2 protein chains.
Amino acid sequence: MDGAPDAGELTPPDRTLMGPGPSDVHPRVLRAMSTPLVGHLDPAFVEIMDEVQELLRYVFRTDNEWTIPVSGTGTAAMESAVGNLVEPGDTMLVATNGYFGGRMASIAERAGGDIVTVDAPWGEPLDPVDVEAAFDEHQPDVFGFVHAETSTGVRQPDVPELTGIAHAHDAYVIADCVTSFGGVELHVDDWGIDVAYSAAQKCLSAPPGASPLTLNDRAMEKVLSRETEPRSWYLDLSLLEGYWGEDRAYHHTAPITNVYALREALRMAAEEGIENRWERHRDVAGGLKSGLETMGLEMNAADDYWLPSLNAVRVPDGVDDGAVISFLLEEYDIEIAAGLGDLGGEIWRIGCMGHSARPKNVEYLLGALEDALRTEGYDPERTPTPASDD
Amino acid sequence: MDGAPDAGELTPPDRTLMGPGPSDVHPRVLRAMSTPLVGHLDPAFVEIMDEVQELLRYVFRTDNEWTIPVSGTGTAAMESAVGNLVEPGDTMLVATNGYFGGRMASIAERAGGDIVTVDAPWGEPLDPVDVEAAFDEHQPDVFGFVHAETSTGVRQPDVPELTGIAHAHDAYVIADCVTSFGGVELHVDDWGIDVAYSAAQKCLSAPPGASPLTLNDRAMEKVLSRETEPRSWYLDLSLLEGYWGEDRAYHHTAPITNVYALREALRMAAEEGIENRWERHRDVAGGLKSGLETMGLEMNAADDYWLPSLNAVRVPDGVDDGAVISFLLEEYDIEIAAGLGDLGGEIWRIGCMGHSARPKNVEYLLGALEDALRTEGYDPERTPTPASDD
């Protein structure tokens with residue numbers, strides 16, 4: 001520690017980000033981050049807070065007053081949602097058909113909740129019949145599921161059916177929208193979702209550090225009438241209400257620059273129009289998907305619940321998943337990711353999110369992947385599966 | 001929510017930040033934030049993580065292996081420190097001579113700790129005699145104090161004496177260094193501090209969002225041998241060990257751009273040299289202090305424990321503190337802050353931190369404040385108190 005370390009100029013490599021996030025950040029958003037700061041209680045910042053909240057509501061498709069960026073990355077938003085809604089003694093039903101349902105469970109346990117689960121294989125969505133059965137058996141107070149599972153590439157269909165089951169049992173619904181917000185069709189209000197959260201670095205393409213969260217009045221009433229305080233002070237929504245609500249009183253210092261970035265990224269989503277944005281993700285990721293299938297690769301999720309923002313592709317027999325990932329990084333400066341948990345070694349995860357959801361990125365990736373597969377001894381022509389034969 | 005909100009270009013006012021943080025950010029650090037992102041598991045980012053950890057150790061004056069940026073603003077670092085170290089059943093002794101000791105207590109309570117306090121008036125440091133007495137009476141497991149109290153402008157002297165008392169009682173010491181790290185003399189290892197944390201937007205002058213934390217092996221052993229899990233998953237250091245330790249395995253997405261900014265700000269601190277940086281803060285803030293005293297204003301803290309980075313100045317009789325703050329903001333684009341808690345209405349808090357600790361900022365502020373005071377009916381010549389008469 002005695003001598004001053006001699007760190008050089010910051011010169012990270014110029015990557016093309018096609019993994020599960022972060023995605024490529026648009027130059028407009030990067031430029032917003034170099035804006036000089038104002039204080040977190042400055043009247044000018046309060047205006048920016050209002051604008052960000054309004055923009056978040058637009059992308060969530062909600063009128064929820066309680067719509068804020070949480071001062072941390074996506075897991076902080078998850079912990080805000082679960083840790084505030086779940087009280088000691090509450091039972092939470094969580095989905096175990098992917099990695100992030102398990103994370104919800106860990107957080108709920110630490111919040112003092114009892115955990116019950118509803119299962120589906122990794123790579124499939126929840127079946128409403130199973131959810132109904134779990135509700136009948138356990139009568140949970142809170143139900144958490146993942147709308148867009150980053151670990152499996154599965155989009156949960158039938159969301160209104162799931163929320164209907166929960167509400168018929170007087171429970172609250174928390175939806176993890178980390179990989180759908182801003183890129184995949186999502187209607188918080190129309191679908192009856194009580195609490196939803198996301199992250200900045202996925203389909204919104206802002207750097208991570210301030211993470212979208214929304215709660216309806218019903219959920220916020222539960223939070224504000226808790227018998228015990230939430231176990232985090234930093235993420236306590238009843239205290240944050242003083243800062244993001246009408247008072248604008250000091251609670252903690254907001255990550256000002258991340259809020260700037262979020263504003264610019266949300267503004268770009270508003271300019272594009274949210275429906276157009278969903279359509280672009282479907283179109284561009286559709287090109288990616290058919291390119292992968294033309295190479296003979298198989299998607300992990302069936303077409304009915306394919307998740308455009310996160311394409312989970314099965315690793316062909318005899319191919320080393322890690323070698324392909326390293327080859328793409330080293331030879332092409334492209335990031336894709338390996339499988340997590342149950343799917344470790346079995347899939348690649350290829351993101352197509354936000355500013356990364358461009359034909360240019362897809363073409364570049366497909367060419368590079370073909371080269372990587374050949375290098376690893378796989379013949380992309382071996383098992384051609386044209387989309388028309390499906 | 002139906003129509004897309006029409007948010008304009010991001011054009012916050014051009015403030016001079018002389019409040020309790022954020023401070024002015026150097027253009028080099030702003031520029032670092034516009035660097036395109038790499039993934040949080042990219043080998044290139046792992047190198048950046050190593051560099052940031054080494055630079056943090058340099059500024060903390062520590063060899064602690066366990067030195068990381070926490071993925072949130074300063075309060076998240078406080079919650080990491082307190083929430084991991086304090087287990088249910090532990091007793092924590094906290095100082096109540098300022099606002100942030102109270103925050104430590106709130107966090108420790110939520111962690112399941114029992115709270116005992118050691119008191120001193122707001123505006124005075126802790127007396128080691130009182131700390132010793134509190135240890136004898138309560139035998140606490142953990143002792144938390146604030147090295148540089150942002151709410152009162154008091155620098156705690158005698159830190160080695162305090163840590164000595166704690167260690168003689170086999171307790172762990174957590175020091176809040178939010179407003180000293182990188183600007184005010186601090187020696188984590190030599191002073192026997194077990195756990196220290198800070199924030200980015202104070203004397204380091206990086207935007208808030210990634211916050212320095214360091215633990216020595218003794219403290220980390222307590223964390224790793226807890227009987228119960230910490231109540232936060234996001235801030236659980238035993239899990240973060242997998243990401244910031246040797247494995248570099250996924251835990252949560254780090255705020256990549258904030259880490260870039262932290263690196264550049266720390267690099268500038270290393271270039272300047274930490275002792276030179278402490279001296280600059282003393283010199284520049286010394287000019288501010290004598291300018292304030294020349295106007296007849298009185299510092300809240302006695303000279304022996306004056307905190308250069310945060311100058312708490314008493315509001316003269318008959319002057320409306322809020323009117324002066326608004327005048328400075330509206331007429332001069334300068335941010336200073338009001339008192340908090342016990343000192344609400346009684347002091348102004350004028351920061352002199354990092355890139356804001358420049359003679360240019362001090363001159364500008366002094367002239368503006370003189371104008372503001374005259375406008376509010378106070379005659380700055382009324383009670384001249386040259387420093388030599390003290």
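Q: What makes β2-β10-β9-β8-β5-β3-β4 of chain A an open sheet?
A: Seven strands (DSSP runs of E, at least two residues; helices are runs of H or I, at least four; both numbered from the N terminus) line up in that order in chain A, with mixed pairing. Two strands pair if DSSP finds at least two bridges between them. The edge strands, β2 (66-70) and β4 (114-118) of chain A, each pair on one side only. From one strand to the next, the twist averages 20°. This is a predicted model: local features need pLDDT of at least 70, side-chain atom pairs count only at pLDDT 80 or more, and totals for chains, interfaces and linings use all residues. Residues are numbered from 1 along each chain as its sequence is written, while chains are lettered from A and ligands numbered from 1 in the order written.

Q: How do you know that β3 of chain A is joined to β4(A)?
A: Strand β3 (residues 91-95) of chain A shares five bridges with β4(A), and the two run parallel. Pairing takes at least two, so the pair qualifies. Within it, A:Leu93 has A:Val116 as its bridge partner.

Q: What does helix α2 of chain A lie across?
A: Helix α2 (residues 43-60) of chain A crosses β2, β9 (195-197) and β10 (211-215) of chain A. Its angle to β2(A) is about 105°, on a scale of 0 to 180 degrees between N-to-C directions of lines fitted to C-alpha atoms, for helices over the stretch in contact.

Q: Why is strand β11 of chain A called mostly covered?
A: Four of the five residues of β11 (310-314) of chain A are buried, that is, 20 or more other C-beta atoms, placed from the backbone, lie within 10 Å of their own (exposed is 12 or fewer, partly exposed in between). Strand β14 (residues 347-351) of chain A pairs with β11(A) in the antiparallel sense over five bridges. A:Ala312 faces A:Arg349 there.

Q: What agrees with a compact globule in chain A?
A: The radius of gyration of chain A is 21 Å, and a compact globule of 390 residues would have one near 21 Å, so the two agree. The rule is 2.2 Å times the number of residues to the power 0.38, over C-alpha atoms. The C-alpha trace of chain A spans about 60 × 60 × 50 Å along its principal axes. Of its 390 residues, 59% count as buried. Chain A has twelve helices and 14 strands.

Q: Which residues have the most contacts inside the largest nonpolar core?
A: They are A:Val82, A:Leu85, B:Val82 and B:Leu85, in a core of 268 residues. A core joins buried Ala, Val, Leu, Ile, Met, Phe, Trp, Tyr and Cys through C-beta atoms within 7 Å. Beyond four places in sequence, B:Leu85 is in contact (backbone-placed C-beta atoms within 7 Å) with residues including B:Val142, B:Tyr172 and B:Ile174.

Q: What makes β2 and β4 of chain B edges?
A: Chain B has an open sheet of seven strands, β2-β10-β9-β8-β5-β3-β4. β2 (66-70) and β4 (114-118) of chain B each have a single partner strand, so one side of each is left without a neighbour in the sheet.

Q: How do you know that β5 and β8 of chain B pair?
A: Strands β5 (residues 142-146) and β8 (residues 172-176) of chain B are linked by five bridges in the parallel sense. B:Phe143 stands opposite B:Val173 in β8(B).

Conventions
Two residues are in contact if their C-beta atoms, placed from the backbone, lie within 7 Å.
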